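Good morning, colleagues. Please turn to the sequence and the structure now on the screen.

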There are 2 protein chains.
Amino acid sequence: MTIDIIPTIADIFEAHARIKPYIHRTPVLCSSSINSFSGCSIFFKCENFQKVGAFKFRGACNSVLSLSEDEAKFGVATHSSGNHAAALALAARIRGLKAYIVMPENSSEIKKLAVKSYGAIITYCEPTLEARESTLKKVVSETGASFIHPYNYSGTICGQATAAVELIQEVPGLDIIMAPVGGGGLLSGTAIAAKALQPGIRIIAAEPENADDAYRSFLSGKLMPSINPQTIADGLLTSLGTLTFRIILDYVDEIVTVSETSIINAMRMIWERMKIIIEPSSAVPLAAILSHKLEPAGKKIGIIISGGNVDLGNLPF
Amino acid sequence: MTIDIIPTIADIFEAHARIKPYIHRTPVLCSSSINSFSGCSIFFKCENFQKVGAFKFRGACNSVLSLSEDEAKFGVATHSSGNHAAALALAARIRGLKAYIVMPENSSEIKKLAVKSYGAIITYCEPTLEARESTLKKVVSETGASFIHPYNYSGTICGQATAAVELIQEVPGLDIIMAPVGGGGLLSGTAIAAKALQPGIRIIAAEPENADDAYRSFLSGKLMPSINPQTIADGLLTSLGTLTFRIILDYVDEIVTVSETSIINAMRMIWERMKIIIEPSSAVPLAAILSHKLEPAGKKIGIIISGGNVDLGNLPF
């Protein structure tokens, strides 16, 4: 599978069949009090309960299991400070492959530990994109491992799309699906799957104002990466890739942005009302609804809760 | 139903049928990482997802729905600073009754708001047991409302027992059921239900060392209330009642105590690994397992997670 191919719904169904034995079928939860606050019916697809605590495991698992014997024989590699690193490490272990992970040396201890616990080989680098990419290049050339991109890669996108497939199968008649957008793997997969399975559905992405490259790129039609963005939604610091941007231009209906305060308030509301732990990135779509960035009245809205990995020692409330 | 009657499994099944339309059937969750840490298979019955965020709704709902027309006609009353207050307020609203709640004036704002939001009439009092009881007496004599005791009451105990009924029906072959113990309503109901449904099962209660009246009373055979106990497990500050103590003496196999640090560590482990929000009281049974207060090796253990109402602005980590 090359990096440039826009996946089809058939690819996504294939991915789902491939990863089903290894992923959790995560629950779809509702909250009557959040529904009254927001004036709509929200169905939360809870990928915070996914393995490694995030949807990222779906994409990593599909990418690793899709490799040919030949592509897989020297293992897999990536650079990531967060959920994709752990997801790839676990996916590689499932297939019995080596995983080489390039991590910025300032990654959180808990994330380093998680990656190690899955048996991956970590190479630390300076915390810059240049250092991450050059270190990865070196690791790949020394080991022959296959690079698995965290989002700008068909195999990854197909895997991420399977959360929306499960949501739509479980909750018929959704008017809108919302997902947060960082690199765009989750959003682009969600959009392809949802438009294929339910053509009239609207796809609305939500993004922090402080990391609004997808919003600006979508409006201008040109890829406009963020430079050094700062947001509490640490899963959304990445900018769109070439492939995810093309898909988003074609399949997404709208991108809205939200303030940092609204993200924290929405996160707190989900923690308090639903008794589940979600990471700040996952609160961004609800923040958009509660800040009246769309017109949700009476609508049935699906939201992909992207993950639940937070540092409990450093909470915003 | 008088205060002195020890409920039977038939009473508990009746309670279950009565409250089923109004309660959530809460999920039973497992965590493979917590199982590896603890060396046993733990099945968490998640009453943190129950209405009002705690098992207390089961008991309050059963008590309110069990009242005769005559007993119900002037409404219901109780004193409580916490979950029972909200649970009774909601249960009363479901039956269309007035609820009179005596709350200590220093109760948390969020709990006052919750009780108000269910339409209850609150009377504030000094934060002492004497003031609570005398104020309640006054309210009851002025209104004619029926007093619903938070734990020392057959109707309440039967309702709390239904969580264990669901757990045992869903997970056959448990070796042990654990519950935290405060006033003993949850523990005594759990014990009666579990011993009836699966006679060989062991019932082990867990209690904070800092509020160990049940432990001391169980060992001595005499009711020995705690005086002004201080523990982070704020749901377990109450001492056993006369009825719950009789049941516990007859039906419970063992009571173990745990340190404050072990409660915080177990709570954090559940938050981090399971991505669910539980209150400190709910972490007490896992704290006992992780502190080697029982021999869990290879056992199948059910734990009732009592609730998820925590003040996010005041976390212990």
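I shall speak about the contacts between the two chains, then the domains of chain A, and then the salt bridges.

Two remarks on conventions come before the results. This is a predicted model, in which local features need pLDDT of at least 70, side-chain atom pairs count only at pLDDT 80 or more, and totals for chains, interfaces and linings use all residues. Residues are numbered from 1 along each chain as its sequence is written, chains are lettered from A and ligands numbered from 1 in the order in which they are written, and side-chain values use heavy atoms, with hydrogens and water left out.

Let me begin with symmetry. Chain A is superposed on chain B by a rotation of 180° with 0.0 Å of shift along its axis, at an RMSD of 0.0 Å; the fit is by least squares on the C-alpha atoms of residues with pLDDT of at least 70 in both copies. This is the relation of a two-fold axis. Within chain A, the C-alpha nearest that axis belongs to Ile276(A), at 2.2 Å from it. Of the interface residues of chain A, 100% are also interface residues in chain B, so the copies meet through the same surface.

How many residues of each chain are in contact? There are 18 from chain A and 18 from chain B, where contact means heavy atoms within 4.5 Å. The area buried between chain A and chain B is about 1,400 Å², with carbon and sulfur atoms giving 66% of it. Buried area is the accessible area (1.4 Å probe) that two parts lose on being put together, summed over both. On the chain A side, Lys275(A), Ile277(A) and Leu312(A) lose the most area to chain B, together 45% of what that side buries.

As for polar interactions, the count between the chains is zero salt bridges, a salt bridge being a side-chain nitrogen of Lys or Arg within 4 Å of a carboxyl oxygen of Asp or Glu. Six residue pairs, both members at pLDDT 80 or more, are in polar contact between chain A and chain B. Helix H12 (residues 260-274) of chain A gives the most to the side that touches chain B, with four residues.

I turn now to the domains. Chain A is assigned domain 1 (9-54 + 161-305) and domain 2 (57-147), with bounds from an automatic or database domain assignment. Their C-alpha centres lie 25 Å apart. In chain A, 19 residues of domain 1 are in contact with 13 residues of domain 2. These two domains bury about 1,200 Å² between them, 62% of it on carbon and sulfur atoms. In domain 1, Arg18(A), Tyr22(A) and Val52(A) lose the most area to domain 2, together 48% of what that side buries.

Which salt bridges deserve mention? Between domain 1 and domain 2 of chain A the count is two. Glu166(A) forms a salt bridge with Arg58(A), the closest N and O atoms being 2.9 Å apart. Over all chains, a search of the whole structure finds 26 salt bridges. In chain A, the side chains of Arg25(A) and Glu170(A) also meet in one, at 3.8 Å from N to O. That pair links distant parts of the chain, 145 residues apart: Arg25(A) is in the loop between H1 and strand E1 (28-29), and Glu170(A) is in helix H8.

Thank you for your attention.

Definitions and conventions: A polar contact is a pair of N or O atoms within 3.5 Å; within protein, one must be able to donate a hydrogen and the other to accept it, and residues adjacent in sequence count only if both atoms are side-chain atoms. Helices (H or I, at least four residues) and strands (E, at least two) are DSSP runs, numbered from the N terminus.
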